[in-house]
Amino acid sequence: MCVRRARRDDHRPRRFRPWILRVVTTATLTAVFTQTSTARGDEVDVTLPSRLVSSDQTPASVATVTLRKFPYPYRAMLSIASDADGLTLSKFMLIHRYLNTDEHTLLGKGLGLDIADSYFFFIGTDRPGFCDSYGTRWADQMSYFSRLSTTDLHNAKAIQVFVHGGWIDSLHSLGDFSMQNEKNTRFARRFAVTAVNEMKVNRLALDIWINHGNRSNVGNFGDPESTYQKGDLSESKYYVSDLMVPAGIHFIWTRRDSDFGRKAMLYPIVLRDGRRVWGFYRFTDDGYSDKGQVLWNWSPLKLGEQLSAVHLQELEKSGSYSIIAQHLGGDAAKLPFYGDNLEGLVRLMREYRAGRLLVTRTSRLLHYELAQRFLQYSVDVKGGRVGIHAREIADPVLGHHVPTLAELRGITFYTAHPARTDLYIGNTLVAPTETVRNPRDQTGSASIGVRWWPAQTGDLTHVLPEKLQMPSHRTGPPTPMPRVWQEDSSWGSN
Ligand SMILES: [Zn+2]
């Protein structure tokens, strides 16, 4: 789930607060020295303030406190960010019962992984054919409202359950508005007005925006160089960022990327209306073919290659993040996972269960990175105990703020004596039940941290009203695993 933060109403950059000045004036301080962090992300040009360490004893006794990159014992973090294209409610349930739960499902024993999806509010596509083998038209893909109605609901109740339960954490812009003739569009600003109202009334405040679709999706925003995206142009009739950003959209995916892993996923974006948001990378392709075409790898067919043993090992070795772009429901007639791509998922589960790779939903990965990169903390020693005080997240894009416990989930500090170290938010002790003390890891150092989110492997489809659960004719004997993949086809060939 997204974390609500104290948010400023304006979007001007805020200078970082001078912690040094404030701490220096406290009476107990006898020594102050700083460590300066550097932004490690590609294309990240934000300037980080110093982290601050203070002590009423010798500085050397606390100098050993440093921030671990990932929650103990993990060495890397990965999420799968799947686009809603081609999903139906049945497909969604089939896919996420397998990925998220530990139930026996049509696809096998559930993997129990924290993998969230995206959803559409509206469907305004004229794509012909069907998005499943039951004859569901593309206009009737899984969506909140029925096609372009702003009153008739389609899968709203189920989507509410999945958003609240954590199986959905992203908006696939405001819908699927892709037209066969890309010069046409059915998009209008009123869809954003309706969506924002629904987000407020039904607590659907997600903060991730997936900017995907063809040139008919004129309400997209996030790529200032785009010639078709008009969602952040205040003079355009398709202007919506004035509604969507205040409604909570803070993280935008907007461009392809052929790097499987990165030291940091977030980079700042200034929209054309001046609003500031974070952009984030997703692994979408393997670069270009000899003919200059993008070699997209974001279909389930390529999941095994995306999640290859080499990729996962390199990620762990380099201590990096990865966000895999996918279209898990994208195929019209085939089961999503089989053969190599099923093996990729099982490989991922094994890395997670071995404590090497933390697999989590995209929103949690992004919030964790934000906290880990920009956390300001101070350290003191009193009565023989080391206190680590999380002071603020010096977010250079969205604004500085005191962190909540939710934002600090997973934050881990190396400390010489975990048993004699305590964690605070400001000067408030983090509850012992939310604190974890860890033995030495591969670096030889012990650590203390805020407990990561509890595993959640319950079956959310049981929460749905019975009539929304999988129809009986779709829960019969498992379809034989297909061995031949029909690549997500071009327009009209479904
Ligand atoms: Zn998409």
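In this predicted model, an open sheet of four strands has the order β3-β22-β26-β25, with antiparallel pairing. Its edges are formed by β3 and by β25 (435–438), each of which pairs on one side only. Four bridges connect β25 with strand β26 (residues 447–450) in the antiparallel sense. In this pairing, threonine 435 is placed opposite valine 450 of β26. The edge strand β3 (66–67) is followed by a loop that leads to β4 (76–82) and contains proline 73. The peptide bond between tyrosine 72 and proline 73 is cis, with omega about 0°.

Strand β4 belongs to an open sheet of three strands, ordered β17-β4-β18, in which the pairing is parallel. The strands β17 (321–326) and β18 (357–359) lie at the edges, and each of them pairs on one side only. From one strand to the next, the twist averages 25°. Three bridges link β4 and β18 in the parallel sense, and methionine 77 faces leucine 358 of β18. Helix α9 (residues 362–374) packs on this sheet and touches β4 and β17. The direction of helix α9 makes about 135° with that of β4.

Alanine 81 is located in strand β4. It counts as buried because 27 C-beta neighbours lie inside 10 Å, where the cut-off for a buried residue is 20 or more. Leaving aside neighbours within four places in sequence, alanine 81 is in contact with Ser170, Arg282, Ile323, Ile324, Ala325, Gln326 and Thr362. For alanine 325, the separation from alanine 81 along the chain is 244 residues, while the C-alpha atoms of the two are separated by 5.0 Å.

A further set of pairings involves strand β20 (residues 385–395), which is mostly covered, with eight of its 11 residues buried. Strand β19 (residues 375–382) pairs with β20 in the antiparallel sense, over eight bridges. One of the bridge pairs consists of tyrosine 377 and alanine 390, the latter in β20. The hairpin of β19 and β20 has two residues between the strands, and glycine 383 adopts a positive phi near 60° there. Strand β23 (residues 421–425) runs parallel to β20 and is joined to it by five bridges. Within that pairing, valine 386 is set opposite threonine 421 of β23. Strand β21 (residues 399–401) runs antiparallel to β20, and the two are joined by three bridges. Aspartate 395 has glycine 399 of β21 as its bridge partner. The hairpin formed by β20 and β21 has three residues between the strands. Strand β20 thus takes part in antiparallel pairing with β19 and β21, and in parallel pairing with β23.

Another hairpin is formed by strands β15 (residues 285–288) and β16 (residues 294–296), which run antiparallel and are joined by two bridges. Tyrosine 288 has valine 294 in β16 as its bridge partner. Five residues lie between the strands of this hairpin, in which glycine 292 has a positive phi near 85°.

Positive phi values also occur in residues other than glycine. Serine 173 has a phi near 35° and is situated in the loop between β9 (168–171) and β10 (175–176). This serine is classed as buried because 33 other C-beta atoms lie within 10 Å, against a cut-off of 20 or more. Arginine 203 has a phi near 50°, likewise positive in a residue other than glycine. Its position is in the loop between α4 (189–201) and β11 (208–210). With 11 other C-beta atoms within 10 Å, arginine 203 is exposed, since the cut-off for an exposed residue is 12 or fewer. The two loop residues therefore fall into opposite classes, serine 173 being buried and arginine 203 exposed.

How values were computed:
Residues numbered from 1 in each chain as written. Predicted model: local features only at pLDDT ≥ 70, side-chain atom pairs only at ≥ 80, totals over all residues. Pairing = 2+ DSSP bridges. Axes fitted to C-alpha atoms, helices over the stretch in contact; angles between N-to-C directions. Contact = placed C-beta atoms within 7 Å.
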